[in-house]
Structure formats: C-alpha cells, structure tokens
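This report describes one protein chain, taking its strands, its interior and its surface in turn. The sequence and the structure are shown first.

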Amino acid sequence: MAIKKKFLKTKPICKCTFSLPKDAAPEATRVALVGDFNNWQPESHELKQLKTGDFKLEVDLETGREYQFRYLIDGEIWENDWQADDYIPVPEFGTDNSVVTL
C-alpha cells in the first residue's frame with residue numbers, strides 16, 4: 001500500500017492515489033475508501049479492482065490538511081493503509097485510523 005501524491009501548481013489540491021494490494025485483501029470483491037473527507041460514507045469512494053487484484057482510486061483533496069481514513073473491505077472488514085503518513089488512535093473502536101497529510 002502506498003499513497004501517491006501529486007500536488008497541483010495552479011490549485012490548492014492534491015491528487016491522491018490510494019491503493020490496497022491484493023495481499024491485504026486476497027478474497028475481496030469490493031473495497032471502499034472511507035474517511036473524514038467523505039463523512040465516512042462507504043458508498044461515495046469505491047476503489048477499482050485492477051487485473052492484478054489490487055484496488056486503486058484517485059481522489060482530489062485540499063492541501064494544507066490532514067485526513068483520517070480507512071479501507072472497508074466487502075462492507076465488513078476495516079483495514080488501515082500500511083504506509084500511511086501517521087495513525088490516530090480511536091479508543092471508542094479500539095483501533096487506529098490512517099492519516100494522510102497534505
């Protein structure tokens with residue numbers, strides 16, 4: 001997993017490519033990117049499955065911010081990004097959220 005960042009020169013936007021490798025979810029049929037940028041709604045950002053079995057999605061995010069996010073696999077399993085910029089504990093769920101810093 002890696003988040004690729006492409007900062008635009010003309011706008012305060014970063015084109016972030018989120019990837020979940022097949023190794024992280026070998027049996028997955030659907031993966032959603034959920035986070036504070038989409039009010040944790042899994043329907044709004046579904047990753048596309050590639051021929052390799054990896055999942056990928058490009059999202060435009062405003063620069064100068066940090067965003068918390070996780071991957072939701074098949075509507076049931078939560079997974080963090082293994083190469084996130086940071087992690088924030090979420091005690092009420094007993095887990096961490098991934099963070100991307102722009």
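## Strand pairing

Strand 4 and strand 5 run antiparallel and are joined by two bridges. Across this pair, K48 stands opposite K56 in strand 5. The model is a predicted one, and the values in this report were computed from it.

Strands 4 and 5 belong to an open sheet of four strands, ordered 1-2-5-4 with antiparallel pairing. Its edges are formed by strand 1 and strand 4 (48-49), each of which pairs on one side only. In general, the strands of a sheet pair through backbone hydrogen bonds, in either a parallel or an antiparallel arrangement.

At the other edge, strand 1 (residues 3-7) pairs with strand 2 in the antiparallel sense over five bridges. The connection between strand 1 and strand 2 is a hairpin of five residues. Within this pair, K6 is placed opposite K15 of strand 2.

## The nonpolar core

The largest nonpolar core has 22 residues, of which F18, L33 and L61 touch the most other members. At least two residues of this core come from each of strand 2 (13-20), strand 3 (31-35), strand 5 (55-62) and strand 6 (66-73). Nonpolar side chains tend to be buried together in soluble globular proteins.

Contacts of L61, leaving aside neighbours within four places in sequence, are made with P12, I13, C14, C16, F18, F37, Y67, V100 and L102. F18, which is among these partners, is also one of the three residues that touch the most other core members.

## Two buried residues in adjoining strands

L57 is found in strand 5, and T17 has its place in strand 2. Is L57 buried or exposed? L57 counts as buried because its relative accessible area is 17%, under the 20% limit. T17 is likewise buried, since its relative accessible area of 13% also falls under 20%.

L57 and T17 are in contact with each other. Not counting residues up to four places away in sequence, L57 also touches C16, F18, L33, H45, E46 and L47. With the corresponding neighbours left aside, the contacts of T17 include A2, I3 and K4, as well as K56 and E58. The C-alpha atom of L57 is separated by 18 Å from that of D85, with the two residues 28 apart along the chain.

## Positive phi in the loop between strands 3 and 4

The loop between strand 3 and strand 4 contains N39 and W40. Phi of N39 is near 55°, a positive value in a residue other than glycine. W40 likewise is not a glycine and has a positive phi of about 60°. Most residues other than glycine have a negative phi.

How exposed are these two residues? N39 counts as exposed because its relative accessibility is 60%, over the 50% limit. W40, with a relative accessible area of 32%, is partly exposed.

## The largest pocket

Which residues line the largest pocket? The lining is made up of W40, R70, W78, V90, F93, T95 and N97. By class, the lining residues are four nonpolar, two polar and one charged. The largest pocket holds about 160 Å³ of space.

W40 therefore appears in two parts of this account: it is partly exposed, and W40 also belongs to the lining of the largest pocket.

Methods: Residues numbered from 1 in each chain as written. Predicted model: local features only at pLDDT ≥ 70, side-chain atom pairs only at ≥ 80, totals over all residues. Heavy atoms only, no water. 1 Å grid on protein atoms, 1.4 Å probe; cavity = no way out; pocket = protein on both sides within 12 Å on 5 of 7 lines; lining within 4 Å. Points joined across faces, edges and corners; volume = space filled by probe spheres on them. Nonpolar A, V, L, I, M, F, W, Y, C, P; charged D, E, K, R; others polar. Core = buried A, V, L, I, M, F, W, Y, C linked by side-chain atoms within 4.5 Å. Buried < 20%, exposed > 50% of the residue type's maximum accessible area, 1.4 Å probe, protein only. Contact = heavy atoms within 4.5 Å. Pairing = 2+ DSSP bridges.
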